[in-house]
Amino acid sequence: MSTGELLSSEPSELKFPFELKKQISCSLQLSNKTDNYVAFKVKTTNPKKYCVRPNTGVVLPRSTCDVIVTMQAQKEAPPDMQCRDKFLLQSVKVNDGLTANDITAEMFNKEAGNVVEECKLKVVYISPPSTAQEGSEEGPSPGVSFSDGKHANAAEFASGARAFTEGLEAQEISSEEKALMTKLTEEKNKAIQQSNKLRRELDLFKREGSKSGGGVSFMFVMLIGLLGIIMGYIMKKW
């Protein structure tokens, strides 16, 4: 916690779990320890990189105010994950009943005789265990000015375990399919044998019908229908 006479901030450092190409936010809680209305203003050395909401406001006596600091998505990580960005929290006593809309830049002007309390906050990047750090060529800033913000072995082990599990599942599926194909083949062969038998009997009926000169018997019609059912069953199962 960073403590001042007017406002205290929690935490005392802005910690971002750094990830490339991802927008990240962290919260800052301001606490008014006095019986006065206190106006605040948050500045940063890198305003294009951060968004602060709200960046100005009024904290009521013995009350708190939450500030959200959002870091824009970054394409590169700084060397050794060290960040040189800083934030400045300014606070000043104001008249009772003052609102955020009444705040002006002049209130935080020390040269105008205003008593302004200032508290500096560092930015800390927290590197996720699975994120590889990439260096950049960013050099140190000549001055500070504020403005209105994997573990390879574990991965390889997880990948190998996943591949082994998938291999076992594929082997089990292959065995089940093989058993099913064997069963279907046996059923198909039996059906074909039955069909051939019916065909022979059908040919016999045809020859006997031709010799007798009679018409098509009812049994002949039934055999044709049965043959059609069996052939349809074979095609469906196969």
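Two strands pair if DSSP finds at least two bridges between them. Strands are DSSP runs (E, at least two residues) and helices are DSSP runs (H or I, at least four), numbered from the N terminus.

This is a predicted model: local features need pLDDT of at least 70, side-chain atom pairs count only at pLDDT 80 or more, and totals for chains, interfaces and linings use all residues. Residues are numbered from 1 along each chain as its sequence is written, and side-chain values use heavy atoms, with hydrogens and water left out.

**Exercise 1. Survey the protein chain: list its elements and its surface.**

Step 1. Count the elements. The protein chain has ten strands and two helices.

Step 2. Read their order. From the N terminus, the elements run β-β-β-β-β-β-β-β-β-β-α-α.

Step 3. Check burial. Buried means under 20% relative accessible area, exposed over 50%, and partly exposed in between (1.4 Å probe, protein chains only). Of the 238 residues, 30% count as buried.

Step 4. Check the surface. The protein chain exposes about 15,800 Å², and carbon and sulfur atoms supply 52% of it. Areas come from the Shrake-Rupley method with a 1.4 Å probe; for residues, only the protein chains shown count as cover.

**Exercise 2. Lay out the five-strand sheet, then place Phe-40 in it.**

Step 1. Write the order. Five strands form an open sheet, S3-S10-S9-S5-S7, with mixed pairing.

Step 2. Find the edges. Strand S3 (13-17) and strand S7 (56-59) each pair on one side only.

Step 3. Add the twist. It averages 25 degrees from one strand to the next. Here axes are lines fitted to C-alpha atoms, for helices over the stretch in contact, and angles run from 0 to 180 degrees between N-to-C directions.

Step 4. Take S5 and its neighbors. Strand S5 (residues 37-44) runs antiparallel to S7, joined by four bridges. Eight bridges join S5 to S9, also antiparallel. Strands of a sheet pair through backbone hydrogen bonds, either parallel or antiparallel.

Step 5. Place the residues. Phe-40 has Ser-91 as its bridge partner in S9. In S7, Phe-40 stands opposite Gly-57. Lys-41 has Thr-56 as its bridge partner in S7.

Step 6. Check the cover. Seven of the eight residues of S5 are buried.

**Exercise 3. Take two glutamines, Gln-90 and Gln-29. Is each buried or partly exposed?**

Step 1. Locate Gln-90. It is found in strand S9 (residues 86-94).

Step 2. Read its area. Gln-90 is buried, because its relative accessible area is 3%.

Step 3. List its neighbors. Contact means heavy atoms within 4.5 Å. Not counting residues up to four places away in sequence, Gln-90 touches eight residues, among them Phe-40, Lys-41 and Phe-108.

Step 4. Find its polar partner. A polar contact is a pair of N or O atoms within 3.5 Å; within protein, one must be able to donate a hydrogen and the other to accept it, and residues adjacent in sequence count only if both atoms are side-chain atoms. The side chains of Gln-90 and Glu-118 make one of 2.9 Å.

Step 5. Turn to Gln-29. It lies in strand S4 (residues 24-32). Gln-29 is partly exposed, because its relative accessible area is 33%.

Step 6. Find its partners. The side chains of Gln-29 and Asp-66 share a polar contact of 3.4 Å. The C-alpha atoms of Gln-29 and Pro-11 are separated by 7.4 Å, with the two residues 18 apart along the chain.
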